[in-house]
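Me: I would like to go through this structure with you, one part at a time. May I begin with a short question about strands?
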Amino acid sequence: MSRRESVVGDSSFYIAFLAENEINDGMFLANLLRKYNFLMGRVVYDEISRKNQAEIERIGLSELVEFADEYDYAALLSIIGDKVFEKGEYESVAIAYTKYIEGSLHSLIMDDRKARKWVEQNFSELKKFLRYSLRFLVNAYKVDKRLTKDEVLHVLFSVIDSIERGGRPFNLSKTGITLVEQLIEEVERSGEN
């Protein structure tokens, strides 16, 4: 594995794969987690486990991710004040920033527009690592060669199916279907499986 392997995602990334009303494919998530060094903090883990504990245990999530208990709160405190990290996005940014400083950050996966804007405005050095969940998955196939074309297409079609059933995987609504269809075209046009 190359030097930049650390991937940090907020809770919506994991929940999309684990929740029954979303993609509901914990085994795909488990497979993906083995292909990179995924890190998460306790706040994100707690957010995920509130409604997905059985699926977390079934796939062995705690064995597939590295828990980051030490990260640079100080880097964020000057920006957000003395607010306690109650939201997974803040915790994810703190972990990602620590990995960026160490030179090992591959991606910071965030789908929430407000959180992304906050990162872009306050941590410009993280912008080039910031990925939407679906872009991360497409890049895992096209750029990193860690997923197959069929695996990515399976997830993309599952996202559309979830949205059509009323789910909101990766915070996408019905208007997001067009974006997912564009990504399907991009993947289908690309090379080998």
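Me: How many bridges join β2 to β3?
Reply: In this predicted model, β2 and β3 run parallel and are joined by 2 bridges.

Me: Which residue stands opposite Phe67 of β3?
Reply: That residue is Met40.

Me: And what is the order of strands in the open sheet?
Reply: The order is β3-β2-β1-β4-β5, so written for 5 strands with parallel pairing. At the edges are β3 (66–67) and β5 (130–131), each of which pairs on one side only.

Me: Which strands does α3 touch where it packs on the sheet?
Reply: Helix α3 touches β1 (6–9), β2 and β3, and its direction makes about 90° with that of β2.

Me: Changing topic: how many residues has the largest nonpolar core?
Reply: It has 46 residues, and those with the most contacts inside it are Phe13, Tyr14, Phe38, Leu137 and Phe170.

Me: Which elements give two or more residues to this core?
Reply: Among them are α1 (11–18), α2 (26–33), β2 (37–40), α3 (42–59) and α9 (149–164). The one that gives the most is α9, with 7 residues.

Me: Why might nonpolar side chains be found together?
Reply: In soluble globular proteins, such side chains tend to be buried together.

Me: What is Phe170 in contact with, leaving aside its neighbours within four places in sequence?
Reply: Its contacts include Phe13, Phe17, Ile23, Leu134, Leu137 and Val159, and also Ser12, Glu22, Asp111 and Ser133.

Me: How many residues has the other core?
Reply: That core lies apart from the largest one and has 18 residues, among them Leu105, Met110, Phe123 and Leu130.

Conventions
Residues are numbered from 1 along each chain as its sequence is written. This is a predicted model: local features need pLDDT of at least 70, side-chain atom pairs count only at pLDDT 80 or more; totals for chains, interfaces and linings use all residues. Side-chain values use heavy atoms; hydrogens and water are left out. A nonpolar core is a set of buried Ala, Val, Leu, Ile, Met, Phe, Trp, Tyr and Cys residues joined through side-chain atoms within 4.5 Å. Buried means under 20% relative accessible area, exposed over 50%, partly exposed in between (1.4 Å probe, protein chains only). Helices (H or I, at least four residues) and strands (E, at least two) are DSSP runs, numbered from the N terminus. Contact means heavy atoms within 4.5 Å. Two strands pair if DSSP finds at least two bridges between them. Axes are lines fitted to C-alpha atoms, for helices over the stretch in contact, and angles run from 0 to 180 degrees between N-to-C directions.
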